[in-house]
Amino acid sequence: MAATPDVIEITAGEVAEELKRRGISSDERVTLTIEPEGELIPGRRESRARVVAAGLTDDDIDRLITQAQQDVEPRL
């Protein structure tokens, strides 16, 4: 009889801690299923990966967004 897999819902940042809590060592194989919750803009994940690959951090991205907002607001 095959074992029934456990299904848990946690954030990506909590995965390592949850595996450790369950006694799963770092050399054991696990399978993750990623189900993004209703992204507002299709392609956002791919775009963000490209920006990060270009060497920008989340803080850099936030700064660029804020600057773009400030550039546009006087024209509204």
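Does Glu 18 count as buried or exposed, and at what relative accessibility? At 13% relative accessibility, Glu 18 counts as buried, because the limit for that class is under 20% relative accessible area. The structure in which this residue sits is a predicted model, and the report below moves from the chain as a whole to its salt bridges, its surface patch and its largest pocket.

## The chain as a whole

The chain has 76 residues, of which buried residues make up 1%. About 7600 Å² of the chain is exposed, and carbon and sulfur atoms supply 53% of that area. In secondary structure the chain comes to 3 helices and 0 strands, and a reader who follows the sequence from its start meets the pattern α-α-α. Helix 1 covers 15-21 and helix 2 covers 44-53, with a loop between them that holds Leu 32, while helix 3 is made of residues 58-72.

## Salt bridges

The count of salt bridges comes to 5, and three of them are set out here with the separation of their N and O atoms.

| Basic residue | Acidic residue | N to O distance |
|---|---|---|
| Arg 22 | Asp 6 | 2.9 Å |
| Arg 21 | Glu 18 | 2.6 Å |
| Arg 48 | Asp 58 | 2.3 Å |

In the salt bridge between Arg 22 and Asp 6, the side chains meet at 2.9 Å, taken from N to O. Arg 22 lies in the loop between helix 1 and helix 2 and Asp 6 in the segment before helix 1, so this pair ties together parts that are 16 residues apart in sequence. Arg 22 is partly exposed, with a relative accessible area of 34%, whereas Asp 6 is exposed, with a relative accessible area of 60%.

The salt bridge between Arg 21 and Glu 18, with its closest N and O atoms 2.6 Å apart, belongs to helix 1, where the two residues are 3 residues apart and therefore separated by about one helical turn. Its two partners fall into opposite classes of accessibility, since Arg 21 is exposed with a relative accessible area of 60%, while Glu 18 counts as buried at 13%.

Arg 48 and Asp 58 form a salt bridge whose closest N and O atoms are 2.3 Å apart. This pair links distant parts of the chain, with Arg 48 in helix 2 and Asp 58 in helix 3, 10 residues apart. Arg 48 counts as partly exposed at 33% relative accessibility, and Asp 58 is partly exposed as well, with a relative accessible area of 42%. Turning back to the other two pairs, salt bridges that share partners join Asp 6, Glu 18, Arg 21 and Arg 22 into one network.

## A nonpolar patch on the surface

Val 30, Leu 32 and Ile 34 form a nonpolar patch on the surface, and together these residues have about 320 Å² of accessible area. Where does Leu 32 lie? Leu 32 is placed in the loop between helix 1 and helix 2, and this residue counts as exposed because its relative accessibility is 56%, while the exposed class takes in values over 50%.

Two C-alpha separations help to place members of this patch relative to other parts of the chain. The C-alpha atoms of Leu 32 and Val 7 are separated by 9.9 Å, although the two residues are 25 residues apart along the chain. For Val 30, the C-alpha atom is separated by 9.2 Å from that of Leu 19, with their positions 11 residues apart along the chain. Leu 19 itself lies in helix 1 and is partly exposed, with a relative accessible area of 23%.

## The largest pocket

Rolling a probe the size of a water molecule over the atoms shows where empty space is left. In this model, the largest pocket has a volume of about 990 Å³. Its lining consists of 22 residues, of which Ile 8, Glu 9, Ile 10, Leu 32 and Thr 33 lie nearest the centre of the pocket. Leu 32 therefore has a place both in the nonpolar patch on the surface and in this lining, while being exposed at 56%.

Which helix gives the most to the lining of the largest pocket? Helix 1 does, with 3 residues. Sorted by class, the lining has 12 nonpolar, 3 polar and 7 charged residues.

Technical notes
Residues are numbered from 1 along each chain as its sequence is written. This is a predicted model: local features need pLDDT of at least 70, side-chain atom pairs count only at pLDDT 80 or more; totals for chains, interfaces and linings use all residues. Side-chain values use heavy atoms; hydrogens and water are left out. Patches are made of residues with over 30% relative accessible area and no salt bridge: like charges are joined within 9 Å, nonpolar side chains (Val, Leu, Ile, Met, Phe, Trp, Tyr) within 5 Å. Accessible areas come from the Shrake-Rupley method with a 1.4 Å probe; for residues, only the protein chains shown count as cover. A salt bridge is a side-chain nitrogen of Lys or Arg within 4 Å of a carboxyl oxygen of Asp or Glu. Helices (H or I, at least four residues) and strands (E, at least two) are DSSP runs, numbered from the N terminus. Buried means under 20% relative accessible area, exposed over 50%, partly exposed in between (1.4 Å probe, protein chains only). On a 1 Å grid over the protein atoms alone, a cavity is a set of points where a 1.4 Å probe fits but cannot get out, and a pocket is an open set with protein on both sides within 12 Å along at least five of seven lines; lining residues have an atom within 4 Å of a point. Grid points are joined across faces, edges and corners, and a volume is the space filled by probe spheres set on the points. Ala, Val, Leu, Ile, Met, Phe, Trp, Tyr, Cys and Pro count as nonpolar, Asp, Glu, Lys and Arg as charged, and the others, Gly among them, as polar.
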